[in-house]
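Grab your viewer and work through these exercises one at a time. Each task comes with a solution that goes step by step.

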Amino acid sequence: MQRVVVMRHGDRLDQAEPIWPANKPRPWDPPLTDAGLLRAWTVGKRIRAAADGWAVHRVLVSPFLRCRQTAARAAAALCAVPDDAALLAIEDAAHVPLDTSRIKVSIEYGLSEMMNTQAMGSIVGRVAPAVKSWFPDLPELEAVFPAGTIDHSAEPIYPEVPKWEESILEARSRYASVIRALADKYPHENLLLVTHGEGVGASVSYFEMGLEVYDVEYCAYSVLERQVAMKPGDEQGTGSFKVLTKSGTTGIQYAPVSESCFVG
C-alpha cells in the first residue's frame, strides 16, 4: 500500500496582520505566525501518531515560505528520535533530537498557491505581471528544513512556479495531476505533500468523485491510499486512490455535491 498525506500550511501572518504585505518585497510570501509554527509541529506529531504500521518517507513542499515553515516542523516531528508517546508531550520542536535518515525533503513548484488575484489579493495582483522571479534560489528555499533532510537529487514535476492568472479550475486540476504524478514517481514511498487550501481540497474532490470540499482549516490534511504493484511497470497492479479521511476529523469539511452549500 502507498499512502499520500496532503497538508495545508499553518496560520499565515498576513491574515493576523492585514497590513503585512504593504511595502514588502515579496507581498505574496508571508511567514507563519507563532501559532502557525506551533500548529504545524502539533499536526506533524498527530500525523505520525495516526499512522498505523506505516511511516512517511518523503516530504514534498510548495516553495511558499508558509509551506516551507510548516514542512520543517512536520518533518521534524516525523523524524524525531523520541517515540510517539514521548513526542506527543513535547510542546516545542527546538532541541528535539532527529534521525534525519528517516525522511527526505524537496521543493515541488507544482504544489504552489493558486497563481491568481483571487488567492493572493489585490496588492499581489497589481505587481504580479511584472514579477521576474517569485522566489530566491533553491539553496535559500531549502535552508529552513532540518539539516540532513534535503534530497538534492530530487527533480520537481514543475521546474518553476505556474504561470500567473490561472483559473481556479486550472489550479485544482494542477494540484490533482501533481499529486498523482508525485505518487507515481515514488510508488514505494509514503508521501507528505505540504501545499495550500485548494490543493488539500483537490486531494479529496478529485480522488473521491461526488464530493465538494467547503472548508479546509490551517494544517488540515487528507490521507489517500492505493494498492501499488510490486513490480516496476506493472500498471495493472496499481490501483486508484481512495480517500481515507472522514469529513471533520482532520480539519477538512466536505459533503456530497447535492448537499454542499458552498463551492470552493
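**Exercise 1: confidence**

What is the mean pLDDT of the protein chain, and what percentage of its residues reach 70 or more?

Step 1. pLDDT is the predictor's confidence in each residue, on a scale from 0 to 100. The chain's mean is 93, and 95% of the residues reach 70 or more.

Step 2. Now for the weak spot: over residues 260-264 pLDDT stays under 50. The model has 11 contacts (heavy atoms within 4.5 Å) for that stretch, counted beyond four places in sequence.

Step 3. Some ground rules before moving on. This is a predicted model, so local features need pLDDT of at least 70 and side-chain atom pairs count only at 80 or more, while totals for chains, interfaces and linings use all residues. Residues are numbered from 1 along each chain as its sequence is written, and side-chain values use heavy atoms, with hydrogens and water left out.

**Exercise 2: aromatic pairs**

Find out how W28 and W134 pair, and where they sit.

Step 1. Rings of Phe, Tyr and Trp (its six-membered ring) pair if their centres lie within 6.5 Å; planes under 30 degrees apart are stacked, over 60 edge-to-face, and the rest tilted. The structure has four such pairs.

Step 2. W28 and W134 come out edge-to-face, at 4.6 Å between centres and 65° between planes. The two are 106 residues apart: W28 is in the loop between α1 (13-16) and α2 (34-50), and W134 in the loop between α6 (122-127) and α7 (138-142). Helices (H or I, at least four residues) and strands (E, at least two) are DSSP runs, numbered from the N terminus.

Step 3. Check burial, where buried means under 20% relative accessible area, exposed over 50%, and partly exposed in between (1.4 Å probe, protein chains only). W28 has 6%, so it counts as buried; W134 has 12% and is buried too.

Step 4. Next, F64 and F135: their ring centres are 4.8 Å apart with planes at 80°, so this pair is edge-to-face. F64 sits in the loop between β2 (58-61) and α3 (65-78), F135 in the loop between α6 and α7, 71 residues apart. F64 is buried at 0%, and F135 is buried at 7%.

Step 5. Ring pairs also tie W28, W134 and W164 into a cluster.

**Exercise 3: E113**

Is E113 buried or exposed, and what does E113 touch?

Step 1. E113 lies in the loop between β3 (104-107) and α5 (117-120). Its relative accessibility is 7%, so it counts as buried.

Step 2. Leaving out residues up to four places away in sequence, the residues E113 touches include F64, R174 and Y175.

Step 3. R174 also lies over the face of Y175, 4.6 Å from the ring centre. The rule for a charge over a ring is NZ of Lys or CZ of Arg within 6 Å of the centre and within 35 degrees of the ring normal.

**Exercise 4: cores**

Which element gives the most residues to the largest nonpolar core?

Step 1. A nonpolar core is a set of buried Ala, Val, Leu, Ile, Met, Phe, Trp, Tyr and Cys residues joined through side-chain atoms within 4.5 Å. The largest one has 38 residues, and W134 is one of those touching the most other members.

Step 2. Elements giving two or more residues include β1 (2-8), α2 and β4 (191-195). The top contributor is α3, with six residues.

Step 3. Another core, of 25 residues, lies apart from this one, with A154 and V213 among them.
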